[in-house]
Amino acid sequence: MFRFLGKLIKRTPKECLQHDHTKFPNILANEYCQSCDQSLCYMCGNDHMSQHHPVKINHHSYANMNIQNNEDLNEKDKLNLETLRAFNTGSLIQLDINKLKCICGKPADENTAICAACGSATCSQKCHQELVHQDKCKFHHNFTEKANVVSLRSILLKNAYFLFDKGYAQGTVFSRTSQNFISAFLTTQRSSIFLQRGFRQYGNPEIQTLNAMDIVNGADLDKEVHLMRVCQCKCTHCKNLGYHPMHVCQLVCKSRDLYIYRSYAQENPVEKQQTCGCQCKFCSSGLTVLQHKKIDCCLKCEFKQKVDF
């Protein structure tokens, strides 16, 4: 009995000691960096992963590719399941604000916000706390009991409206969290926004939010170059890393570069054979022949950033 209690106490996460506690108090060290042999909080874990360190992530932020019951789904549920899986794996999603509702049933307005941790839209912090109490938003597991109300309800529609009305272009980022969570961008319309999810997924969007989501067709490359999405590669290297973003394994895993290369070759059959006229450091370095085709440098050359995929 005492031996069991000793192991339980030892395994219980303690407060993280790796960052400034005066700025960020009451955050649990519930992750572990394998290369540094240190227990970390999710914020310090993000810093370590930005340096390609293998970090064991807390299971509360694992992607969940299922809705409540996958058996006997109707057609609408099947569509929502497809959208959910695309969203959770980093595909670009368009959110129709006119269809969006809070979990309480209230239509979206300028006070509506989306939680960058769980992905659900709510009209108020009170409604979001209902998701926390039901453990549908699991972000609170990163904090001690001393922490006040914690939330990543940071994708604010009023910010999107403000930037759109000021004339900012499609693709302008208005979310306030890193790409590890959910990023939000303007579209060409005031009544919709783009969303793209990272690997830190503390719950799934509620059905009221899923009903307003659509997968953006033709945006496969937007997904492939999104390095903070969850890796789904089954190679030995990626299996050994456990749950991780593409950023950690991209130096070893070749699937991403191969996909980009093939996408460029297939979608630009004429242009790929043209001579590259770029003067970037790579193309003029001698690492490739000075007179080369665009397909030869599409993974390294700055020109690839200008290609309309």
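1. Buried here means under 20% relative accessible area, and Tyr42, at 9%, falls on that side of the cut-off. Keep in mind while reading that this is a predicted model.

2. Start with the ring that Tyr42 pairs with. The whole structure has eight aromatic pairs. In one of them, Tyr42 meets Phe181 edge-to-face, with 6.2 Å between the centres and 85 degrees between the planes. Tyr42 belongs to helix α2 (residues 42-50), while Phe181 sits in the loop between α5 (157-165) and β8 (182-186), so this contact spans 139 residues. Phe181 is buried as well, with a relative accessible area of 4%.

3. Another pair has a stacked geometry: Tyr62 and Tyr243 are 4.5 Å apart centre to centre, with 20 degrees between the planes. Two loops are tied together here, 181 residues apart in sequence, because Tyr62 lies between β3 (55-56) and α3 (75-88) and Tyr243 between α8 (236-241) and α9 (246-249). As for exposure, Tyr62 is partly exposed at 38%, whereas Tyr243 is buried at 15%.

4. Back to Tyr42 and Phe181: ring pairs join both of them with Phe139, Phe143 and Tyr202 in a cluster. If you're colouring the model by contacts, that set of five names is worth picking out.

5. Now the charges. There are five salt bridges in the whole structure. One of them joins Glu31 to Arg200, with the closest N and O atoms 2.7 Å apart. Glu31 is in strand β1 (residues 31-33) and Arg200 in the loop between β9 and α6, 169 residues apart. How buried are the partners? Glu31 has a relative accessible area of 2% and Arg200 one of 0%, and both count as buried.

6. Lys136 and Glu206 make another salt bridge, at 3.3 Å between the closest N and O atoms. Lys136 comes from the loop between α4 (125-133) and β7 (155-156), and Glu206 from the loop between β9 and α6, so the bridge ties together parts 70 residues apart in sequence. Lys136 is partly exposed at 28%, but Glu206 is buried at 17%.

7. Arg190 turns up twice. Its salt bridge with Asp165 has closest N and O atoms 2.9 Å apart, and this pair links helix α5 to the loop between β8 and β9, 25 residues apart. Arg190 also lies over the face of Tyr161, at 4.2 Å from the ring centre. Asp165 is exposed, with a relative accessible area of 51%, while Arg190 is partly exposed at 39%.

8. Which cysteines come up when looking for disulfides? The search of the whole structure finds zero disulfides. Cys36 has the sulfur of Cys33 as its nearest cysteine sulfur, 3.6 Å away, and Cys36 is partly exposed at 30%. For Cys102, the closest cysteine sulfur is that of Cys104, and 3.6 Å is too far for a bond because the cut-off is 2.5 Å. Cys102 is buried, at 4% relative accessible area.

9. Last, helix α3. Its 14 residues reach 20 Å from first C-alpha to last, close to the 20 Å expected at 1.5 Å a residue. Buried positions in α3 are Asn80, Leu81, Thr83, Leu84, Ala86, Phe87 and Asn88. What do the buried residues of α3 pack against? Their contacts are β4 (93-96), β8, β9 (192-197), α6 (207-210) and β10 (213-215). After α3 comes Gly90, with a positive phi near 100 degrees.

Definitions and conventions. Residues numbered from 1 in each chain as written. Predicted model: local features only at pLDDT ≥ 70, side-chain atom pairs only at ≥ 80, totals over all residues. Heavy atoms only, no water. Phe/Tyr/Trp six-rings, centres within 6.5 Å; stacked < 30°, edge-to-face > 60°. Helix = DSSP H or I, 4+ residues; strand = E, 2+ residues; numbered from the N terminus. Buried < 20%, exposed > 50% of the residue type's maximum accessible area, 1.4 Å probe, protein only. Lys NZ or Arg CZ within 6 Å of the ring centre and 35° of its normal. Expected span 1.5 Å × (residues − 1). Contact = heavy atoms within 4.5 Å. Salt bridge = Lys/Arg side-chain N within 4 Å of Asp/Glu carboxyl O.
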